[in-house]
Amino acid sequence: MRFRQRRGRFEENKGWASSPVAKCIRSQMICMTHNLRLSMEELLESAEQIKNQPELARRAGRLTERNSELARDGLKLPFVCWQSNV
């Protein structure tokens, strides 16, 4: 068995399993953790009016940068990308 170490969005991840079933379970757990984090952010925003301002600023910057890259080629981002709830 080979040890692999990765750094992801949720701190440090270490994976020992290499079977297809273990990889599938790990990916499902990562998706569930991601969805739980999004749910918690939504709950905090609606109940306590707490917003993740740094992430919103980064997202706006990424969208603006991507839009200007596409504009050079005469293209546009779909409207759904500019909605704040996405």
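These legends describe close-up views of a predicted model.

**View 1. The whole chain follows the pattern β-β-α-α.** The protein has two helices and two strands. Read along the sequence, the strands precede the helices. Of its 86 residues, 6% count as buried. The accessible surface comes to about 7600 Å². Carbon and sulfur atoms hold 58% of that surface. Among contacts with a separation of 6 or more, 14% join residues 24 or more positions apart.

**View 2. Helix H1 spans residues 20-48.** The helix has 29 residues. From its first C-alpha to its last, H1 reaches 41 Å. That is close to the 42 Å expected at 1.5 Å a residue. Gln49 follows H1. Met29 is one of the residues of this helix, and so are Arg37 and Glu41.

**View 3. A nonpolar patch lies on the surface.** Which residues form the nonpolar patch? Val21, Ile25, Met29 and Met32 do. Together they have about 410 Å² of accessible area. Met29 sits in helix H1. Its relative accessible area is 44%, so Met29 counts as partly exposed.

**View 4. Arg37 and Glu41 form a salt bridge within helix H1.** The closest N and O atoms of Arg37 and Glu41 are 2.6 Å apart. Both residues lie in H1, four residues apart. That separation is about one turn of the helix. An α-helix has 3.6 residues a turn, so residues three or four places apart point the same way. Glu41 is partly exposed, with a relative accessible area of 29%. How many salt bridges does the count give? The count comes to four.

**View 5. Glu55 and Arg58 pair in helix H2.** H2 covers residues 53-72. A salt bridge joins Glu55 to Arg58, with the closest N and O atoms 3.0 Å apart. The two residues are three apart in H2, about one turn of the helix. Arg58 has a relative accessibility of 46% and counts as partly exposed.

**View 6. Glu69 and Arg66 meet in a salt bridge.** The N to O distance is 3.3 Å. Both residues belong to helix H2. They are three residues apart, about one turn of the helix. Are Glu69 and Arg66 buried, partly exposed or exposed? Glu69 is partly exposed, at 28% relative accessible area. Arg66 is also partly exposed, at 42%. Elsewhere, Glu55, Arg58 and Arg62 are joined into one network by salt bridges that share partners.

**View 7. Cys24 and Cys31 are not bonded to each other.** How many disulfides does the count give? The count comes to zero. Why is there no bond at Cys24? The closest cysteine sulfur, in Cys31, is 9.6 Å from the sulfur of Cys24, so the pair is too far apart for a bond. A disulfide needs the two sulfur atoms within 2.5 Å. Seen from Cys31, the closest cysteine sulfur is that of Cys24. Cys24 is partly exposed, at 38% relative accessibility. Cys31 is partly exposed too, at 47%.

**View 8. Gln49 has a positive phi.** Where is Gln49 found? Gln49 is in the loop between H1 and H2. This residue comes after H1. Its phi is near 55°. The value is positive in a residue other than glycine. Most residues other than glycine have a negative phi. Is Gln49 buried or exposed? Gln49 is exposed, with a relative accessible area of 60%. The cut-off for exposed is over 50%, so Gln49 passes that limit.

Terms used. Residues numbered from 1 in each chain as written. Predicted model: local features only at pLDDT ≥ 70, side-chain atom pairs only at ≥ 80, totals over all residues. Heavy atoms only, no water. Expected span 1.5 Å × (residues − 1). Patch = residues over 30% accessible without salt bridge, like charges linked within 9 Å, V, L, I, M, F, W, Y side chains within 5 Å. Areas by Shrake-Rupley, 256 points an atom, 1.4 Å probe, with all protein chains shown as cover. Salt bridge = Lys/Arg side-chain N within 4 Å of Asp/Glu carboxyl O. Buried < 20%, exposed > 50% of the residue type's maximum accessible area, 1.4 Å probe, protein only. Contact = heavy atoms within 4.5 Å.
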